[in-house]
Amino acid sequence: MPQNLDLTQPQTWLARAKSNLRLARIGHQEGVFSEDLCFEAQPNTLTQYAVAGRYPGWLSVTEEEYQQAVTLAELIVTWVENIIKGEAS
């Protein structure tokens, strides 16, 4: 982790969330499992992907579930961005 990051600032954590979301958006490529993509998109109600999605045989993710996970993660990131900007109530 770069030493110039201030972990007390929400922008630091938002930047990390955006990085994870970019990885989740990669989509299916050879050798990339849906479970791993969902792991990257695992905020709030998606925490089932935090553990079970990382281990073979613990969780099976459909294409629809993957798409829903990424969509929900995008909505959460946008919501947090708006809060930080002072645009959300």
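**Exercise 1. Classify Lys18 as buried, partly exposed or exposed, and then find its charged partner.**

Solution. Lys18 has a relative accessible area of 28%. In this predicted model, buried means under 20% and exposed means over 50%, so Lys18 counts as partly exposed. Turning to the partner, Lys18 forms a salt bridge with Glu81, and the closest N and O atoms of the two lie 2.4 Å apart. This pair connects distant parts of the chain, since Lys18 belongs to helix 1 whereas Glu81 belongs to helix 4 (residues 63–85), with their positions 63 residues apart in the numbering. Glu81, for its part, has a relative accessible area of 17% and is therefore buried.

**Exercise 2. Determine which residue meets Glu74 in a salt bridge, and state where the two partners lie.**

Solution. The side chain of Glu74 meets that of Arg25 in a salt bridge, with an N to O distance of 2.9 Å. The two partners are 49 residues apart and again link distant parts of the chain: Glu74 is in helix 4, while Arg25 is in the loop between helix 1 and helix 2 (34–40). For the accessibility step, Glu74 is partly exposed at a relative accessible area of 27%, and Arg25 is likewise partly exposed, at 44%. Taking the cut-off of 4 Å between a side-chain nitrogen of Lys or Arg and a carboxyl oxygen of Asp or Glu, the count comes to two salt bridges.

**Exercise 3. Decide whether Ala73 is buried or exposed, and relate its position to that of Ala24.**

Solution. Ala73 is placed in helix 4. Its relative accessibility is 4%, and Ala73 therefore counts as buried. In sequence, Ala73 and Ala24 are separated by 49 residues, yet from C-alpha to C-alpha they are 9.1 Å apart in space.

**Exercise 4. Identify the residues that make the nonpolar surface patch of about 310 Å², and examine Leu7 among them.**

Solution. The patch is made by Leu5, Leu7 and Trp13. Leu7 sits in the segment before helix 1 (10–24). With a relative accessible area of 44%, Leu7 is partly exposed, and this value satisfies the requirement of over 30% that applies to patch residues.

**Exercise 5. State in which helix the confidence is lowest and in which it is highest.**

Solution. Across the protein the mean pLDDT is 83, and 90% of the residues score at least 70. Confidence is lowest in helix 3 (residues 48–51), where the mean is 74, and highest in helix 4, where it reaches 91. Helix 4 is also the element that holds Ala73.

Methods:
Residues are numbered from 1 along each chain as its sequence is written. This is a predicted model: local features need pLDDT of at least 70, side-chain atom pairs count only at pLDDT 80 or more; totals for chains, interfaces and linings use all residues. Side-chain values use heavy atoms; hydrogens and water are left out. Patches are made of residues with over 30% relative accessible area and no salt bridge: like charges are joined within 9 Å, nonpolar side chains (Val, Leu, Ile, Met, Phe, Trp, Tyr) within 5 Å. Accessible areas come from the Shrake-Rupley method with a 1.4 Å probe; for residues, only the protein chains shown count as cover. Helices (H or I, at least four residues) and strands (E, at least two) are DSSP runs, numbered from the N terminus. Buried means under 20% relative accessible area, exposed over 50%, partly exposed in between (1.4 Å probe, protein chains only). pLDDT is the predictor's confidence in each residue, from 0 to 100.
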